[in-house]
Amino acid sequence: MIIRRRRTAGTCVLFAALTLGLQPVGASAADNPDDQPATAPKVELVLDVSGSMRTRDIDGGTRMAAAKQAFNEVLDATPKEVELGIRTLGADYRGEDRKVGCKDTAQLYPVGPLDRTEAKTAVATLSPTGWTPIGPALLKAADDLDGGDGSRRIVLISDGEDTCQPLDPCEVARDIAAKGINLTIDTLGLVPDAKTRDQLSCIAEATGGTYTSVTHTDQLTDRVGQLVDRAADPVVNPVAVEGAAQCADAPEIKPGLYTDRERFGEHRFYRVAVDPGQELRASVSVAADRAVDRDYGVLLRAVTAHGREIVRGAEAGDGRTDVISTGLRYPKPEQSDGEATAETVCLQVSNSYAAPASVKTTPGLPVELTVDVVDAPSAASDVAAFGLGRGWWLLAALVLTGFVAGVLWGWISRWRIAVWRTN
């Protein structure tokens, strides 16, 4: 069972959403009167329909059956604003001619407004057949999504390595990324072996996408659905950064989304400037893109330049995981006198993952770090961990009201019982 630890990171996202939601509705329209409606986000699901998809090792059924079920549920839940298409690889040619088999990729359903019934009917006709031309399929999928300036995403589902070398799918993904066309490739491996996992991870990493190992039907449904929904979100391109082994050498980062890689059991530092009256909010996710031992954790600490801990966030677990996240908040009070100087806060990201002896530990684990600096709570005494601000007054009023109501209800109940006994 895949475990996802997103509680604290989700809190940071919620705060950001609330901040945006408090802005006047007409503000952006007034600032940009000439703006045209944004181009619809586009997604193409690329499904491996090679012969190995007949294997019966996902919840007692075939891999193909799991994929069809997942596709049907995802098609029902696809947002209206998303234009979705489906491409297959290895679905038509049953022969042994490699040259022919490596051209076996076709668009099952064109990218555009979704007709759910038509798309489901097309998926129902699929039957595991031939080769695994991942590289050619990615090239064609990139062409399918060409045009427009909206977000574009390829979701590749495969259970094996590409069989059409020397066209390396990793190189294909790097070439797509080099074009700067705002296209992300996410990959999912169905019961993958080590080689398949490495190749699919490489493809995703090249374009800033994600890789997920899947062993159950509900996992596949949930993950594909998440990726399709993500296409409708505003595009945020992460910035690559390399953390340092100590605070003094750490890179200074500003509010934004950053990616890095961290070795097993490593500590990495990043510096953020926080002015008086501001609050630092940060969250970090560390992905397990390979097999890891049970029992693991992620720690995010905010410390001073001299190493004194200010606040921390931690999350831990055991068993199979894809990603584990945690976060923190630190308000910097206003200064009553003297010059208002920024404070350098060092963010320390640590993990306690360990790898089995047979698993490579290089490159390090993917790290995603989100940093934001906003106006701090109105009073320094406000507890940042709860983020209630002046809502403490409302909470106190609700508690008092509940207490008084409870006392009154108890008194009325006792009076009614006394009257009943008397009568």
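# Sheets, cores and a cis proline

Visitor: In what order do the strands of the 4-strand open sheet run?

Guide: This is a predicted model. The open sheet has 4 strands, and their pairing is antiparallel. The order is E12-E17-E14-E15.

Visitor: Which are the edge strands of that sheet?

Guide: An edge strand here pairs on one side only. The twist from one strand to the next averages 15°. The edge strands are E12 (267-274) and E15 (309-317).

Visitor: How many bridges pair strand E14 with E15?

Guide: Strand E14 covers residues 296-303. E14 and E15 pair in the antiparallel sense. The number of bridges is 8.

Visitor: Which residue in E15 is the bridge partner of Tyr-296?

Guide: Tyr-296 belongs to E14, residues 296-303. Its partner lies in E15. That partner is Gly-317.

Visitor: What is the order of the open sheet of 6 strands?

Guide: Its pairing is mixed. The edge strands are E6 (105-112) and E9 (211-214), each pairing on one side only. The twist averages 15° between one strand and the next. The order is E6-E5-E2-E7-E8-E9.

Visitor: Which residue in E8 is the bridge partner of Val-155?

Guide: E7 and E8 run parallel and are joined by 7 bridges. Val-155 falls within E7, residues 152-158. Its bridge partner in E8 is Asp-186.

Visitor: At about what angle does H3 run to E2?

Guide: Helix H3 spans residues 63-77. H3 lies across E2, E5, E7 and E8. Its angle to E2 is about 165°.

Visitor: Which element gives the largest share of the largest nonpolar core?

Guide: Nonpolar side chains tend to be buried together in soluble globular proteins. The largest nonpolar core has 31 residues, and those touching the most other members include Leu-45, Leu-47 and Ile-157. Elements that each supply at least two residues include strand E2, helix H5 and helix H9. The largest share, 7 residues, comes from H3.

Visitor: Which residues does Leu-47 touch, not counting residues up to four places away in sequence?

Guide: Leu-47 is among the core residues that touch the most other members. Its contacts include Met-64, Ala-67 and Phe-71, and H3 covers 63-77. The full list is Met-53, Met-64, Ala-67, Phe-71, Arg-87, Thr-88, Leu-89, Leu-126 and Ile-157.

Visitor: How many residues are in the other core, the one with Val-241?

Guide: This core lies apart from the largest one. Its members include Val-241, Ala-282, Leu-328 and Leu-369. The count is 29 residues.

Visitor: Why is E13 described as largely enclosed by the rest of the structure?

Guide: Strand E13 spans residues 278-287. Buried means under 20% relative accessible area. E13 is largely enclosed because the buried residues number 9 of the 10.

Visitor: Which residue in E16 stands opposite Ala-282?

Guide: E13 and E16 run antiparallel, joined by 9 bridges. E16 covers residues 321-331, and 11 of its 11 residues are buried. Another residue, Ala-287, stands opposite Val-323 in E16. Opposite Ala-282 is Leu-328.

Visitor: Which residue in E18 is the bridge partner of Val-284?

Guide: E13 also joins E18 through 9 bridges. The two run antiparallel. In E18, the partner of Val-284 is Leu-369.

Visitor: Which helix supplies the largest share of the lining of the second largest pocket?

Guide: This pocket has a volume of about 360 Å³. Its lining has 15 residues, and those nearest its centre are Asp-198, Arg-290, Lys-360, Thr-362 and Pro-363. The largest share, 6 residues, comes from helix H8 (194-206).

Visitor: What is omega for the peptide bond from Thr-362 to Pro-363?

Guide: Most peptide bonds are trans. Pro-363 lies in the loop between E17 (343-351) and E18 (365-375). The bond from Thr-362 to Pro-363 is cis, with omega near -5°.

Visitor: Is Asp-295 buried or exposed?

Guide: Asp-295 is in the loop between E13 and E14. Its phi is positive, near 70°. Exposed means over 50% relative accessible area. Asp-295 has 52%, so the answer is exposed.

Visitor: What is the phi of Asp-59?

Guide: Most residues other than glycine have a negative phi. Asp-59 sits in the loop between E3 (56-58) and E4 (61-62). Asp-59 is not a glycine, yet its phi is positive, about 55°.

Terms used
Residues are numbered from 1 along each chain as its sequence is written. This is a predicted model: local features need pLDDT of at least 70, side-chain atom pairs count only at pLDDT 80 or more; totals for chains, interfaces and linings use all residues. Side-chain values use heavy atoms; hydrogens and water are left out. Two strands pair if DSSP finds at least two bridges between them. Axes are lines fitted to C-alpha atoms, for helices over the stretch in contact, and angles run from 0 to 180 degrees between N-to-C directions. A nonpolar core is a set of buried Ala, Val, Leu, Ile, Met, Phe, Trp, Tyr and Cys residues joined through side-chain atoms within 4.5 Å. Buried means under 20% relative accessible area, exposed over 50%, partly exposed in between (1.4 Å probe, protein chains only). Contact means heavy atoms within 4.5 Å. On a 1 Å grid over the protein atoms alone, a cavity is a set of points where a 1.4 Å probe fits but cannot get out, and a pocket is an open set with protein on both sides within 12 Å along at least five of seven lines; lining residues have an atom within 4 Å of a point. Grid points are joined across faces, edges and corners, and a volume is the space filled by probe spheres set on the points.
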